[in-house]
Structure formats: structure tokens, C-alpha cells
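Subject: Handing over the structure

Hi,

Here is the structure I promised to pass on to you. Have a look at it first, and then read my notes below.

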Amino acid sequence: MTEGGCLCGEVRFSVERFDSSVFKCHCSKCRKAFGGASSAAALAAETSFRWLKGSEEVREYRCESGFLRRFCPQCGSVVPQFLPDYQLQWIPMGLLDTNPGLTLGHHIHVASKAAWEILDNETHPHAQGFDS
């Protein structure tokens, strides 16, 4: 069992088992939402995920493209979100309290990565999503 939460601790969750390795998304929307070169996340089945505290307080911002960012209203930390098209929870790795033992498996949307970012040579790059 792995637990995690936002910066202020108002939103907490647990994950029993992850269903993917870590992936880093380099699209322009993730760069803006996270304020860095990419976002790092992993996926978990809905049955492996549980909100422990604060889920009813979570706020959302959806831009015109449909990109959704869920966040804690107190500290602004991005928080997990359910991906209905895949029936999976998207879990930001930076929220975890302990190391879940996952490794970086994929870089996605590298066609739109920041010009200054250098990717490692060991991780599989995808020009767009996982299918590219």
C-alpha cells in the first residue's frame, strides 16, 4: 500500500497496486500545469485506488481543449484524477509519501517537449501518446 497527498495534507489517498510504470508527459499543457519540463505519473485501477481525505474539496480546471487539471483548493497541488476513457486513476508521482518501486518506462508527447530538455537514452520516447 502506498499513500500520498497534497502539499498541505488536506487531500490524501492510497494506492494498493499500480498498473503501469512511471511515464513522463512532455506536452505543453503538462509543462504549464506543473511548471516544469514534464509531469511524472503512473496509472492504477479504480479498485486499487482510495481517497482517504479531502476528495470532496478537490477543484477542477478544464481548458478549451478538454485538458483537465484537478487540484487542492488550499495549496494548489495537482491531485489524482479518474480517466474515464481508460477506467484508470492517473496518479502524480510527486505526491507519494514513499517509493512505490516503479521505474520510468515512457516519455510521451516528446514531439512537443521543451527545446532545452534532454531526455535519457534508456527510456522509450513516444512522439505523441503511448500509441505513437
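Let me start with one residue: Ser38 is buried, at a relative accessible area of 14% (buried is under 20% relative accessible area, exposed is over 50%, and partly exposed is in between, with a 1.4 Å probe and protein chains only). Before going on, a word on the basis: this is a predicted model, so local features need pLDDT of at least 70 and side-chain atom pairs count only at pLDDT 80 or more, while totals for chains, interfaces and linings use all residues. Residues are numbered from 1 along each chain as its sequence is written, and side-chain values use heavy atoms, with hydrogens and water left out.

Two serines

Ser38 sits in the loop between helix H1 (28–34) and E4 (helices, H or I with at least four residues, and strands, E with at least two, are DSSP runs numbered from the N terminus). Setting aside neighbours within four places in sequence, Ser38 is in contact with Lys24, Cys25, His26, Arg31 and Glu117 (contact means heavy atoms within 4.5 Å). Next comes Ser39, which belongs to strand E4 (residues 39–45). Ser39 has 2% relative accessibility, so it counts as buried. With neighbours within four places in sequence again left out, the contacts of Ser39 are Phe23, Lys24, Cys25, Cys30, Phe34 and Trp90.

Aromatic pairs

Two of those contacts of Ser39, Phe34 and Trp90, turn up again here. How many aromatic pairs are there? The count comes to four, where rings of Phe, Tyr and Trp (its six-membered ring) pair if their centres lie within 6.5 Å, and planes under 30 degrees apart are stacked, over 60 edge-to-face and the rest tilted. Phe34 and Trp90 make an edge-to-face pair, 6.2 Å centre to centre with 70 degrees between the planes. Because Phe34 is in helix H1 and Trp90 in strand E9 (residues 88–92), this pair ties together parts that are 56 residues apart in sequence. Phe34 is partly exposed at 30% relative accessibility, whereas Trp90 is buried with a relative accessible area of 11%.

Another edge-to-face pair is formed by Phe49 and Trp51, at 5.0 Å centre to centre and 90 degrees between the planes. Phe49 is buried at 8% relative accessibility, and Trp51 is partly exposed at 25%. Ring pairs also bring in Phe13, linking Phe13, Phe49 and Trp51 into a cluster.

The cores

Phe13 and Phe49 come back in the largest nonpolar core (a set of buried Ala, Val, Leu, Ile, Met, Phe, Trp, Tyr and Cys residues joined through side-chain atoms within 4.5 Å). That core has eleven residues, among them Val15, Phe18, Ala42 and Ile91. E2 and E4 each supply at least two residues of this core. Separate from it is a second core of ten residues, which includes Phe23, Cys27, Leu43 and Ile108. Back in the largest core, Ile91 touches, among others, Phe13, Val15, Phe18, Ala42, Phe49 and Leu96, not counting residues up to four places away in sequence.

Sheet and hairpin

Which order do the strands of the three-stranded open sheet have? It is E1-E2-E5, with antiparallel pairing (two strands pair if DSSP finds at least two bridges between them). Strand E1 (2–5) and strand E5 (49–53) stand at the edges with a single partner strand each, so one side of each has no neighbour in the sheet. E1 and strand E2 (residues 12–15) are joined in the antiparallel sense over four bridges, and Gly4 stands opposite Phe13 in E2.

Elsewhere, strand E6 (residues 59–62) and strand E7 (residues 68–71) pair in the antiparallel sense, also over four bridges. Arg62 stands opposite Leu68 in E7. The hairpin of E6 and E7 has five residues between the strands, and Gly66 takes a positive phi near 105 degrees there.

The whole chain

Zooming out, the protein chain has one helix and eleven strands, running β-β-β-α-β-β-β-β-β-β-β-β from the N terminus on. The C-alpha trace spans about 40 × 30 × 25 Å along its principal axes. Buried residues make up 41% of the 132 residues. Among contacts between residues at least 6 apart in sequence, 55% join residues at least 24 apart.

Best wishes
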